[in-house]
Structure formats: structure tokens, C-alpha cells
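Student: Could you take me on a close look at a single part of this model, the sheet and the helices that pack on it? I would be glad of one connected walk-through.

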Amino acid sequence: MLGRDASFSAKVFPIKSRLVLDTVSVFGFMLFVFLIGVKMDLSVVLRSGKKALAVGILGFFIPLVLASLVAFLLDKFLAVDHDIARALPHVVPMLSMTAFPVITCFLDELKILNSEIGRLASSSSVISDVCLWSIMCVLSFADLARTSSVIVIVGSLVTSVLFFTVVIFVIRPAALWVIKHTPETRPVKERYIFIALVILMVSGFAGEVIGIHATTASLVLGLIVPDGPPLGAALSETLDCFVSLLLLPIFFAVSGLKVDVFCIQNWTNIGVLELVFFVAFVGKLIGSMLPLIICRMPFRDALSLGLIMNTKGIVELAILNDIKNKKIVNDEIYTIMIVSLVATTGVISPMVKFLYNPSKRYIAYKRRTILHCRGNDELRILACIHHQENVHSIISLLQASNITKDSPMDLVVLHLVKLMGRASSLLVPHRQKDKPPRNPTQSERIFNAFKKFEEQNPGFLNVHCYKGIAPYMTMHNDVCSLALEKRTILVILPFHKQWSSGETNESSHAHRHLNKSVLEKAPCSVGILIDHRSFKSMHKIDERSTFQVVVLFFGGADDREALAYGQRMSDRSSVGLTVVRFVNSGPTAEIVAGTERSKMLDSDILRNFKSKTKYGSVEKIEYREKVVGCGMDVIVVAKSVVNSCNLVLVGRRHGDSTIMLQLGKWNERGDLGAIGEILAASELKGEASVLVVQQQTRLWGLKDPEESTHLRRIKL
């Protein structure tokens, strides 16, 4: 709009600078396309299921056929403008396409990149792009054969084949060599990044010389670079900020300067273009939703995917700029299409936010808690790993969980990796290689440790390994969806702080956000594992020594869940269990507030436990009561506990009371609850690990955690 003012445009965007701005904008888009090629994983096409394949193909060809048919009928029976008739054959494929870069950026903005719909949309968009590229190659070759001589055709084919040969058989092996000679924990050397940028410039120039567009050459070059760490991630980290914050805004500004809403004069042209646009929109909705409805996906989810597949962005804008520079469309048509693209995407975004909420899917239809498990039920645990340092503390916890023939365990190990150098998220099972690699990756080392743990418990323990690559902001979707799919009873997450020799070594805000999101949305019980010990002093459980577990019991659903886990551990001969119940010294004051039902359930589980210690003659199981009058008394007991045991179990949530309000001031921003934050503090200087437990909170038909396991019918 500001460009409409001639004086403003002349001062800010003088005519002499337009050529420079155009060149910089094209260069920025070329780098953007190269980065998309680097982040794109074409193996998605091979791994895509029938659903993604059907959505990608039908979502492209149905709008293409319908919009082409409408354009043909309008041109045949309606005296459309000559400029419109010439533009429609180029506009229709653009409206039918679903650009992978646009879809991934849109999904990332809505924070649903690694949701079920997000993964399906990413895979389907890649297939749709492959369909578009195939058709464009055929049409380009046909146009070349119709307008050029045999010598030109042969020359174009030979030079194109030579270009692809050099890229595949020279540049790709060089990229693989760089990856092979870059240690996993070391960054890629800067000279390799510089060489990659030089090769990109040369490839773009060579593409223009031999008749391949520079952006196409950049995309091909990006596709041969392996995605993810180290090289793909290094290129992304180096160029992403420069491209997105500096070059792309120039690209959008130059495109905006070409828009002139005041040049729209012919209402017939508006009607024709909007009709074709609408038909393509509806056709893509039908093509995207039809396979999903046949597969019995909920209508809201299918509609959400159809809307996502209609999203338009920078790729469509670049196509419009290209056909405008070639004088295929005039200013009026260009402006109408730009306004339509912006308006459509602007409407789709709030509609998808309203229709699709992935967290609604993480609601279980039965109790998934340790407390509600029978003694011989299989204990299903999902252990989340960030780094190799998390492995031994989690294995120690699992060793204490009494894995026997009568009490087996089904363990799912999920290695969580930050999305770097990739455009789409990934959640895949790990496949064991026949021959162990000479230089195993971090994921392979983690999975090998758990596989060895499985071999130590043959027949009693089943281990399933998964790798999840996603942005930290939406990583909880992988955890919750896998927990729901595997019918997990307990999710174990490492605490976001790591200690070394009693001092805080590392604190990750991203890991803290992940833990908080899982606590809010998990379909089962959750445990946050805090390991105060250093890596070298890890306790190993064996039958010759006693692994001492202490349960701090204040009252409430979470404490009952912690006690149930402790009781399961105590069935192992080498595990000793001590339950410390806190009692308020005041005659009427309560240690924690709670409903009458909650107090009754607390009394029942404690009565059963005390009867086991009294009549079972089990010396390694002990029950104590501690009388406290203030928050400081609780802290004193907590300090003595962490120095006299190997593991502390405690609930996360407790009812309000005077003591809890005093303890809550210890760390008001904490996510572990009043007691959990005290035990997680480095000031305690204890070597005991701490597991802060939260009982399942999301259950279909459940309003109060203290309700029975019988589900009520509710209206959805």
C-alpha cells in the first residue's frame, strides 16, 4: 500500500535500486529452496503408507482436473479476457499444488508438526510435489520438442544429464565424506560450509546456463545433502537466521511492490479467477478428505487436513512472480491472485486451530496407573531419554521395579532428539542392524544399553526402541501419542536439571517445558526422575546389597500412586522399603487438605501396608510416622532421608494446608510440587535419586481423581 505513494516509493525504493533488490530477493529465495531441499527427506515417499499416498495423489489431481475443466468451459462458452485465457493454464497447476515448504512452516507455526495430522500432511505434500514435478518435466520437454530444433533438444538433455550426474556422483559422495569425517559431538568445520555455499552459487549459475532454473538447481543440490546432523543441521543453523530475517523479508517486500489493488477494474476477471480458485479449493478438500473418511478418520480431523493442504505461501508467491516476469499475467491478475492467496491462508489458520487439538486424543478409556494394576499384570513403562547420561539412572530405577516371571515388564524406550536440519518430524522404531556399526551413533549406544538390560532379564522384559525427532515445543505429542498407543502405565522423564558432584551442571528450559506438557496431557501416570548422583557413582542393584527406597506419604492420589510403586519394588528381595507418613502436630490441623473419599483411600492403602509389615514378618519393610508442626520440620526430615537411602518416591500434588503453603514458598515457579521442588534442590546435597510421581489425570468420564474406576457415559 505504501508503494502506491509515488513520492514515498521514489525515496525508499528508487528505480536504480529495484534491480539490486530483485537480485537479492531471488538470491534469498534460492537459498530458501536450498535449505528446504536439505531438510527434505525424500525417503518419506517410500515410507509413506497408503493413506498419505492417496491423500497426496488425489489431493493434487482432483483439483487439477476440476479447475482445468472449469477453465476450459469458461474459455469455451464465456468470452473471457485474452489475458485471463493465457494465464489460467499456469494458474491452475499452482492452485492444485501443495508445497512441502509451505506446509511444514504452517504446521510448525501451529505447533502440530509432529501430530498425527501434521505427519500425514507433511508426507502427503511431498507426494503432491513429486506429482507436480513429474507433470512439469513432461510439459517442459513437450514444449521444448514443439518449439526447438533437434540439436537444441539433444543439447538440453545432455547438459541436464551431465548436471545431475555431477550432483549425484561427485557432490553427494563429497557430502557423505564430510559427514563420515565429522565426529558426532563436534561441529562441522567452517570451510566445509563455505565450500557448500560456493557450490550452491556455481550450481545456480550452471542451471541458468543450461536451461534449468536456478531455484530448481538449488533444490536438487539441497536434496542430495543428507538431512539432519551433522552437515544438514550445520547448514540450517548457519543460513536459517540470515535467510529468514534478512533475505526473505526483502523477497516479500519486492513482491508487495508489484501489487497494486487499484489496478483491479474488471469484475468479470475477478469472478473468473475466484471461481477457478474456489473450484480448486473444494477439489483439494475433496481429494484430501475422501481417503481419510474411507479410513474412518473423524470428520473434524479430515476437514483439518483438507484445510491444511489448501495452505498457500512463499512457493506459490514465487511462481506468481516468475510468470509475471515472463509477462504471462498482468498486474491485475497478479494482484487478484496475491490477495486471494493471502486471504485464504489467513482464514485457514484460525479454522485449523479451532478444529484440531491433538491433546484431545490423549485421553484413555480405562485406568492406567500402578495403583490399579493387579500384581501379575505386565508393567508397561515408557522411558524417555535425552542424553546418554540419562540411561544408567533409568536402568537403576527399572532394576528396582521387580522384573520377574510373575511380574513382567514391557518397556518402550524413546530417544528424544531436537529437530535440526530437517523440515518434518519423525517418530520411527529402531531396527537392530545385523552387524554392529564401527562408530555407533548416540541413539544406537542408548538402545544397545537397554537391549543389554533386556538380555539380563530374558523372558521377563520386552524392550521396544523408538527415536523421535521433533521441535521441543511439540515434543510432548510424541511422548503422549506413543504412551496411548502402547497402553503405557507409567511415563518416566528425566528432570530438566542434571547434577555433577552435588552441583547443578545443566538446566534446560526446553526439557522443563516438555516435562510440564507431558504432566498436563499424558494419558497415564508420570514420573519425573531426579538424579543427584554423578555419572560414575551410579548405584548398581544386585542381590548381595540392599537398595533402599523411601516413600514420603502426605496424602492424596499422587502419594498413593508412589506408595503402590514402592510396594511393587519391595517384592524384590534386594529392595528395602520405608514409608514415612507425615502427621501434623496440631490436634485439628491437617497435613494436607482433601475430600473425605481421598482420606478414606489414604487410610485403606496405609492400613494394608501396615498389615503387611506387622503380620508378614518382612524385616526390610518399615512404616514410620513423623510428627511435624511447620514446613521447616518437613525439610529437616527430607534432608535426613536423602542421605540414608538410594531412591525417594513422593507424589507431585498435595492439597492446600498451612504447611504446604510454607513449603510452596521454597520455589514458587517449580513444576514438581512443594515437596518435589525441595527434594530436587541442590542444597540438600544428598545422593539419593528422587522420583516425583503424578497419578493419571486424563480419563474419559473422570471429573475427580478420587472417583472409582467405573466409567460414566458422557455426552461428547
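Tutor: Happy to! Keep in mind that this is a predicted model. Let's start with helix H16, residues 391–399, which lies across six strands: S1 (379–385), S2, S5 (490–494), S8 (525–530), S12 (647–651) and S13 (689–694). Its direction makes about 165° with that of S1. A second helix, H17 (residues 442–455), also packs on the sheet, where it touches S1, S2 and S4. H17 runs at about 165° to S4.

Now for the sheet itself. It is open and built from eleven strands with mixed pairing, and the order reads S3-S4-S2-S1-S5-S8-S13-S12-S9-S10-S11. At the edges stand S3 (426–429) and S11 (621–628); each has a single partner strand, so one side of each is left without a neighbour in the sheet. On average, neighbouring strands are turned by 20° against each other, direction ignored.

Within that order, have a look at S2 and S4. Strand S2 covers residues 409–418 and strand S4 residues 461–470; the two run parallel and are joined by ten bridges. If you want a place to put your finger, Val417 stands opposite Ile469 in S4.

Back to H16 for a moment, since Gln399 falls within its range of residues 391–399. The backbone oxygen of Gln399 lies 2.4 Å from a polar atom of the Arg572 side chain. Arg572 itself sits in the loop that leads from helix H20 (557–570) to strand S10 (575–584). With a relative accessible area of 17%, Arg572 falls under the 20% cut-off and therefore counts as buried.

For a look beyond the sheet, turn to the helices earlier in the chain. Helix H10 (residues 214–223) is mostly covered, with eight of its ten residues buried. Among them are Leu219, Val220 and Leu221. The cover over the buried residues of H10 includes helices H2 (15–39), H7 (116–147), H8 (150–180) and H9 (190–210).

Two of those covering helices also meet each other: the axes of H8 and H9 come within 12 Å and cross at roughly 175°. That angle is why H8 counts as roughly antiparallel to H9. On the H8 side, the contact is made by Thr159, Ser160, Phe163, Ile171, Trp177 and Val178, and on the H9 side by Tyr192, Ile199, Ser203 and Ile210. Sorted by type, the residues of this contact are seven nonpolar, three polar and no charged.

Methods:
Residues are numbered from 1 along each chain as its sequence is written. This is a predicted model: local features need pLDDT of at least 70, side-chain atom pairs count only at pLDDT 80 or more; totals for chains, interfaces and linings use all residues. Side-chain values use heavy atoms; hydrogens and water are left out. Helices (H or I, at least four residues) and strands (E, at least two) are DSSP runs, numbered from the N terminus. Buried means under 20% relative accessible area, exposed over 50%, partly exposed in between (1.4 Å probe, protein chains only). A polar contact is a pair of N or O atoms within 3.5 Å; within protein, one must be able to donate a hydrogen and the other to accept it, and residues adjacent in sequence count only if both atoms are side-chain atoms. Contact means heavy atoms within 4.5 Å. Two strands pair if DSSP finds at least two bridges between them. Axes are lines fitted to C-alpha atoms, for helices over the stretch in contact, and angles run from 0 to 180 degrees between N-to-C directions. Angles under 35 degrees count as roughly parallel, over 145 as roughly antiparallel, 65 to 115 as roughly perpendicular and the rest as oblique. Ala, Val, Leu, Ile, Met, Phe, Trp, Tyr, Cys and Pro count as nonpolar, Asp, Glu, Lys and Arg as charged, and the others, Gly among them, as polar.
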